[in-house]
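Q: I'd like a close look at one part of this structure, please, strand by strand and then with whatever packs against it. Take your time, and tell me the cut-offs as you go.

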Amino acid sequence: MQRAGKSYEDHRAKRFISTNQRGGAKNSNTKKNRIQAKKEGVMREDPIVVFENVSKIYKMGEVSIPALNNVSLKIQNRRFSMVLGPSGSGKTTLLNIIGCLDQPTKGKIEVCGERVAEISDDKISEFRARNIGFIFQNFNLIPVLSAFENVEYPLTLLGMGASERRERGMSMLESVGLSDHARHRPNQLSGGQKQRVAIARALVKGPGLVLADEPTANLDSKTGASIIDLMHKIQEQYGATFVFSTHDPQLISHAQDVFSIRDGELIEHRSEGK
Ligand code: ADP
Ligand code: MG
């Protein structure tokens with residue numbers, strides 16, 4: 001299994017931008033692309049996330065709080081998946097474990113073809129920086145940076161040069177319809193615009209996996225729906241895997257896969273099978 005090294009990610013990010021410039025990934029299932037996908041280590045049909053009997057128990061003094069209980073699931077590569085559940089059901093815990101921000105108490109996990117528990121602590125942030133984009137409920141933009149600077153920041157962390165950062169950052173801002181707001185600071189943007197910047201920031205490095213934890217929870221329903229539509233469009237365009245969580249069952253229609261959780265248990269997986 002190929003490790004997420006620099007050359008792989010560079011290649012992926014380049015392909016990501018050129019796909020954008022062509023205006024969409026066409027013929028993604030051609031033989032050539034299948035061979036390419038195999039070379040990259042994760043076939044289109046392979047799951048990008050595998051959970052086997054995963055449990056997470058938080059300890060608070062003497063009290064144990066079970067946040068996830070024996071969850072087994074597979075999230076297929078390049079699909080638009082939703083984790084649906086009420087507040088406190090374990091959505092954030094699940095996404096944090098997928099995103100390697102937290103570790104399970106029990107069980108096995110595989111993310112982007114790697115058994116992440118076996119990656120050393122000093123390598124895990126690099127793995128995350130290369131493979132995973134995050135979109136948060138509270139946007140989490142850096143207030144003193146402009147929209148463009150927020151978007152290019154992950155590329156700075158990857159050590160990319162200024163002219164390439166500029167090209168990719170502006171291209172991503174254009175994809176989310178904000179090229180004319182590049183110099184605005186977060187406090188000069190609406191909630192929906194902030195979330196668009198956050199989407200651009202999550203995607204700019206061309207991650208295989210994008211995690212969005214209740215990305216519409218702080219938006220009015222119309223803006224929230226337009227953000228989900230945008231995420232969907234971008235997911236189709238770039239071929240990344242999206243996993244977003246929500247407590248709003250009305251958003252089900254947007255997802256190809258729906259994982260319903262209650263009290264830390266996976267109670268249903270519905271798949272459109274596309
Ligand atoms: P959701 O995102 O669906 O609202 P969470 O994953 O945040 O659910 O929480 C699931 C359960 O785990 C809740 O009972 C919550 O109180 C508990 N929990 C979450 N994070 C922690 C933590 N860091 N310490 C202790 N308990 C936690
Ligand atoms: Mg949550």
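A: Let's start with β8 and strand β9 (residues 265–271), which are joined by six bridges in the antiparallel sense. Strands here are DSSP runs of E with at least two residues, helices are runs of H or I with at least four, and both are numbered from the N terminus. Two strands count as paired when DSSP finds at least two bridges between them. This is a predicted model, in which local features need pLDDT of at least 70 and side-chain atom pairs count only at pLDDT 80 or more, while totals for chains, interfaces and linings use all residues. Residues are numbered from 1 along each chain as its sequence is written, and chains are lettered from A and ligands numbered from 1 in the order in which they are written.

Back to our two strands: they form a hairpin with two residues between them. In the turn, Asp 263 has a positive phi of about 45 degrees. For a handle on the register, look for Arg 262, whose bridge partner in β9 is Glu 265.

Now step to another partner of β8 (residues 257–262). Strand β3 (residues 80–84) pairs with β8 in the parallel sense, over four bridges. Here Val 83 is found opposite Phe 259 in β8. If you follow the side chains along these strands, it helps to recall that in a regular strand they alternate between the two faces of the sheet.

Zooming out, these strands belong to an open sheet of six, ordered β5-β6-β7-β3-β8-β9, with mixed pairing. At the edges are β5 (132–135) and β9, each of which pairs on one side only. From one strand to the next, the twist averages 15 degrees. Axes are lines fitted to C-alpha atoms, for helices over the stretch in contact, and angles run from 0 to 180 degrees between N-to-C directions.

Two helices are worth adding to your view. Helix α7 packs on the sheet, touching β5 and β6 (209–213), and its direction makes about 170 degrees with that of β5. Helix α8 lies across β3, β6 and β7 (241–246), running at about 160 degrees to β7.

These helices also meet each other. Between α7 (residues 191–203) and α8 (residues 221–238) the packing angle is about 20 degrees, and their axes are 10 Å apart. That angle makes α7 roughly parallel to α8; the label covers angles under 35 degrees, with over 145 called roughly antiparallel, 65 to 115 roughly perpendicular and the rest oblique. The crossing of α7 past α8 is right-handed, meaning that the near helix is turned clockwise from the far one by less than a right angle, with anticlockwise being left-handed.

As for who touches whom, α7 brings Gly 191, Gly 192, Gln 195, Arg 196, Ile 199 and Leu 203. From α8 they meet Thr 223, Ser 226, Ile 227, Leu 230, Met 231, Ile 234 and Tyr 238. Contact means C-beta atoms, placed from the backbone, within 7 Å. The residues of this contact divide into seven nonpolar, five polar and one charged. In that count, Ala, Val, Leu, Ile, Met, Phe, Trp, Tyr, Cys and Pro are nonpolar, Asp, Glu, Lys and Arg are charged, and the others, Gly among them, are polar.
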